[in-house]
Each structure stands twice: as C-alpha cells, then as structure tokens.
Amino acid sequence: MSANEFLDNAWKESGPKVISGFSRPVYHNMMGLLRGYKYDKLKYGGMIRHTEAGMLTTWASEVPEGGVVVEIGCYGGLSTSYLLTGLKKRNGKIYAIDPFNSDLGKQEDLSDKCVPLEDKPTKELVAQRLEANGFDGMFELCEGFSQEVAAAWDPAVKIDFLWIDGNHEQAYQDFKDFEKHLNPGARVAVHDAHPRYGYEAVVRDVRKIFADGSWSGLEHVKSIISGIRN
Ligand SMILES: C[S@@+](CC[C@H](N)C(=O)[O-])C[C@H]1O[C@@H](n2cnc3c(N)ncnc32)[C@H](O)[C@@H]1O
C-alpha cells in the first residue's frame, strides 16, 4: 500500500466527533491501557490521548540501545514523560524543544494560537517534573523554537525517533529541518494529523512528509501518523 493510500484509509472515518469512535486496533488500545495512564494529564496540561501516550512509550522503547529522541513541542512534559518511560529501557536521551515561557512577545508573533501563552509551564517546572519521574540525566530541555534548535544542531548527534507536536503550521518544515540528522530506520511521528481530530495544516503536511522518500511500518494511532524512514 502506498503512503497516500494508507493515509486515505486512516482518515476515511467520517462519523461524529467522538474520540473513542475511530482507529482502535486492539494492540494500540492495549498499550494505552497498560502504559497510557501513568501521568496525570490534567496536572501536566497535556494534550495526548491515553492510547497515543501508550504508543509513545512503546515506540521510544524500540529505539536502539543509547538511542536519541527529539521532541518538538514539550509543553508541560506529559508526552516527554511517556517518551522517557520507554527510552529508559534503552538508556537513551531525549532533546525536548519548546520556548516554554521565554520571550512571550516572540511567541505571540510566531504562535499558531494552539496553547494559551499565559501561565505556560516553565523550563524549570518541566525539569523538576522529569527529575521527580526518575529521568535525571536522560533529558536536555532546549528552550527555543525548533527551527533555531535545528539550525544549531550538532550533526554528530543522530536521531532515532522524531516526535513532531510543536507549531501546527510547520510540521513539514520541522521534518525537513531534522531529516538530515535521522539515523536510517528512525521513526517519525506527527501529532494532530487527522482531518477531524487535528489540524488541517498538519494533515496537509503529513501527506508531504510521507510522500517524501521511502517509509515502512506506517501506523495510525488516534490523531498520530507514524512511520519508519528506510
Ligand atoms: C500541543 S503543545 C505540545 C503538547 C505536548 N506534546 C504534550 O502532549 O504534552 C505544543 C507546544 O509546542 C510549542 N511550540 C510552538 N511552536 C514551536 C516551535 N517552533 N518549536 C518548539 N515548540 C514550539 C508550543 O508553545 C506548545 O508548548
């Protein structure tokens, strides 16, 4: 099946906007039940569903030993904590990018208006949370915008899993910015990539991402589209 056919199939659900009403393969649901309830969504202000959380842990646990995850859009550290839970099994490291509460004027100019800028979680708060969750030494919080972090990226650091959940108007740009740093066989996953449950711009960009190059293991989990770069 081509990537385009896969996406058409993943998105053909056209019923009412009921979160439980689409994309429920048994394995994804099982991972959601087993692994997707560990952290308090309300406390973290997180935006991922339990099934998505469970699969983030599962995918992160599948990177090679000492693997590297890059997260674009860390916010309060919810998805970061699920990724780190899986990554711990591989002694890996995560680079989690977000402007946090820095330079709010610039964030206002560049924002996609997805999250309120008042009371944004601070880098210090997220660091404390991740340490309290047992991930000391496994994370680097990169305070800034993905495009700036990508421009200064050390090319010696290769990425095994790229998780894109930052500015919903630049998912393709985020992919292109980090593509050159992906290891062969790296996973890429994009959040909010469903026409009814995500953002139109992300849906458009996900078509472009998965039309670009060769992919295997395409998966659709709620609003996430993910694949492995060959
Ligand atoms: C939807 S939230 C992320 C939620 C988080 N992944 C979770 O599930 O808990 C998107 C975050 O990306 C941040 N953001 C927006 N543009 C960004 C960029 N260019 N680079 C990095 N982060 C960005 C926003 O400020 C916000 O904190």
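At what angle do the axes of helix H9 and helix H10 cross? I looked this up at the start, keeping in mind that the model is predicted.

**Entry: the helix pair**

I took H9 as residues 171-179 and H10 as residues 200-211. Their axes cross at roughly 35° and come within 8 Å. Next I listed who makes the contact. H9 brings Ala-171, Tyr-172 and Phe-175. H10 brings Val-202, Asp-205, Lys-208 and Ile-209. I sorted these residues by character: five are nonpolar, two are charged and none is polar.

**Entry: aromatic pairs**

I found eight aromatic pairs in the structure. I looked at Tyr-95 and Trp-153 before the others. Their ring centres lie 5.0 Å apart with the planes at 70°, so I noted the pair as edge-to-face; the cut-off for that is over 60 degrees. This pair links distant parts of the chain, 58 residues apart. Tyr-95 belongs to strand S2 (residues 93-98). Trp-153 lies in the loop between helix H8 (146-151) and strand S4 (159-164). I checked burial too: both Tyr-95 and Trp-153 are buried.

Then I turned to Phe-210 and Trp-215. Their ring centres are 4.5 Å apart and their planes stand at 55°, so this pair is tilted. Phe-210 is buried at 3% relative accessible area. Trp-215 also counts as buried, at 13%.

**Entry: a cluster**

Which residues do ring pairs link into a cluster with Phe-210 and Trp-215? I found Tyr-172 and Phe-175 there. Both also take part in the contact of H9 with H10.

**Entry: a charge over a ring**

Last, I looked at Arg-129. Its charged end sits over the ring of Tyr-44, 4.7 Å from the ring centre.

Note on methods
Residues are numbered from 1 along each chain as its sequence is written. This is a predicted model: local features need pLDDT of at least 70, side-chain atom pairs count only at pLDDT 80 or more; totals for chains, interfaces and linings use all residues. Side-chain values use heavy atoms; hydrogens and water are left out. Rings of Phe, Tyr and Trp (its six-membered ring) pair if their centres lie within 6.5 Å; planes under 30 degrees apart count as stacked, over 60 as edge-to-face and the rest as tilted. Helices (H or I, at least four residues) and strands (E, at least two) are DSSP runs, numbered from the N terminus. Buried means under 20% relative accessible area, exposed over 50%, partly exposed in between (1.4 Å probe, protein chains only). A charge sits over a ring if NZ of Lys or CZ of Arg is within 6 Å of the ring centre and within 35 degrees of the ring normal. Axes are lines fitted to C-alpha atoms, for helices over the stretch in contact, and angles run from 0 to 180 degrees between N-to-C directions. Contact means heavy atoms within 4.5 Å. Ala, Val, Leu, Ile, Met, Phe, Trp, Tyr, Cys and Pro count as nonpolar, Asp, Glu, Lys and Arg as charged, and the others, Gly among them, as polar.
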